[in-house]
Amino acid sequence: MNDILAGLNEWGCDVKGALERFINDESMYMSFLSEVSVEPSLVNLGDAIDNGDVKGAFEYAHTLKGVYGNMGLTPMFAKDSEIVEILRVGGMDTVSEKYQTLLQMNDKLKEIIG
């Protein structure tokens with residue numbers, strides 16, 4: 001296992017499950033992983049939150065939830081799931097704070113993948 005995958009495992013990610021979804025092709029997984037760290041939905045989520053657009057924020061957060069889940073990025077999936085559930089019922093309480101944590105997690109992902 002390479003250093004990046006080891007770092008993701010250490011962080012609590014489900015690398016084994018993700019690799020199974022990628023037919024155990026580490027190279028393919030790694031190429032998608034680099035795309036996740038610059039996923040436009042993350043920025044769009046922040047814009048929607050700033051604009052008070054609950055429906056738009058929900059859609060972006062829900063998209064990210066699927067991405068994080070498929071990629072086995074368990075810490076990010078869990079945090080984003082919290083955001084999705086608040087937005088699902090039309091709320092915005094604590095969403096900004098949780099989004100800031102998600103941004104920090106994205107920075108950690110970038111750090112791990114170099």
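These are my notebook entries on a predicted model, mostly about helix H5 and the salt bridges.

**Entry 1: confidence**

I started with the confidence scores. The mean pLDDT for the protein is 96, and 99% of the residues score at least 70. I then went through the elements: H6 comes out with the highest mean, 98, and H3 with the lowest, 94.

**Entry 2: helix H5, overall**

Next I looked up H5. It runs over residues 54–70, which makes 17 residues. From its first C-alpha to its last I get 24 Å, close to the 24 Å expected at 1.5 Å a residue.

Which residues of H5 are buried? My list reads Gly56, Ala57, Ala61, Leu64, Lys65 and Tyr68. I noted that a lysine, Lys65, is on that buried list. I also wanted to know what covers these residues. The cover includes helix H3 (26–36), helix H4 (40–50), helix H6 (74–88) and helix H7 (95–113).

Past the end of the helix I checked the backbone. Gly72 follows H5, and its phi is positive, near 75°.

**Entry 3: Val54 and Ala57**

I picked two residues of H5 for a closer look. Val54 is in the helix, and Ala57 is too.

Is Val54 buried, partly exposed or exposed? Its relative accessibility is 22%, so I put it down as partly exposed, given that buried means under 20%. Leaving out residues up to four places away in sequence, Val54 touches Leu87, Gly90, Gly91 and Met92. I also took one distance from here: Val54 and Thr74 are 20 residues apart along the chain, and their C-alpha atoms are separated by 24 Å.

Ala57 I logged as buried, with a relative accessible area of 0%. With the same sequence neighbours left out, Ala57 touches Leu45, Ala48, Ile49 and Leu87. Leu87 is thus on the contact list of Ala57 and also on that of Val54. Leu45, Ala48 and Ile49 carry numbers that fall in helix H4 (40–50), one of the helices in the cover of H5. For a distance I took Ala57 to Gly114, which are 57 residues apart in sequence and 28 Å apart in space, C-alpha to C-alpha.

**Entry 4: salt bridges**

How many salt bridges does the structure hold? I count five. I went through them by helix.

In H2 (residues 15–21), Glu20 pairs with Lys16, the closest N and O atoms being 3.1 Å apart. The two lie four residues apart, about one turn of the helix. Lys16 is exposed, at 60% relative accessible area.

In H5, the side chains of Glu59 and Lys55 meet at 2.7 Å, N to O. Why are these two about one helical turn from each other? They are about one turn apart because they sit four residues apart in helix H5. For accessibility I wrote down 41% for Glu59, partly exposed, and 60% for Lys55, exposed.

In H6, Arg88 meets Glu85 at 3.1 Å, N to O. Here the spacing is three residues, again about one turn. Both partners are partly exposed: Arg88 has a relative accessible area of 43%, and Glu85 stands at 39%.

I also found a network of salt bridges, which links Lys79, Glu82 and Lys98. By number, Lys79 and Glu82 fall in H6 (74–88), while Lys98 falls in H7 (95–113).

**Entry 5: positive phi between H2 and H3**

Last, I looked for positive phi outside glycine. Ile23 has phi near 45°, and Asn24 has phi near 55°. Neither is a glycine. Where do they sit? Ile23 is in the loop between H2 and H3, and Asn24 is in that loop as well.

Are Ile23 and Asn24 buried or exposed? I have Ile23 as exposed, with a relative accessible area of 68%. Asn24 also counts as exposed, at 55%; the cut-off for that is over 50%.

**Entry 6: for the record**

To pull H5 together: six helix positions are listed as buried, from Gly56 to Tyr68, and Ala57 among them is at 0%. On the exposed side of the ledger I have Lys55 at 60%, the partner of Glu59 in the salt bridge at 2.7 Å.

Notes: Residues numbered from 1 in each chain as written. Predicted model: local features only at pLDDT ≥ 70, side-chain atom pairs only at ≥ 80, totals over all residues. Heavy atoms only, no water. Expected span 1.5 Å × (residues − 1). Buried < 20%, exposed > 50% of the residue type's maximum accessible area, 1.4 Å probe, protein only. Contact = heavy atoms within 4.5 Å. Salt bridge = Lys/Arg side-chain N within 4 Å of Asp/Glu carboxyl O. pLDDT = per-residue confidence, 0-100.
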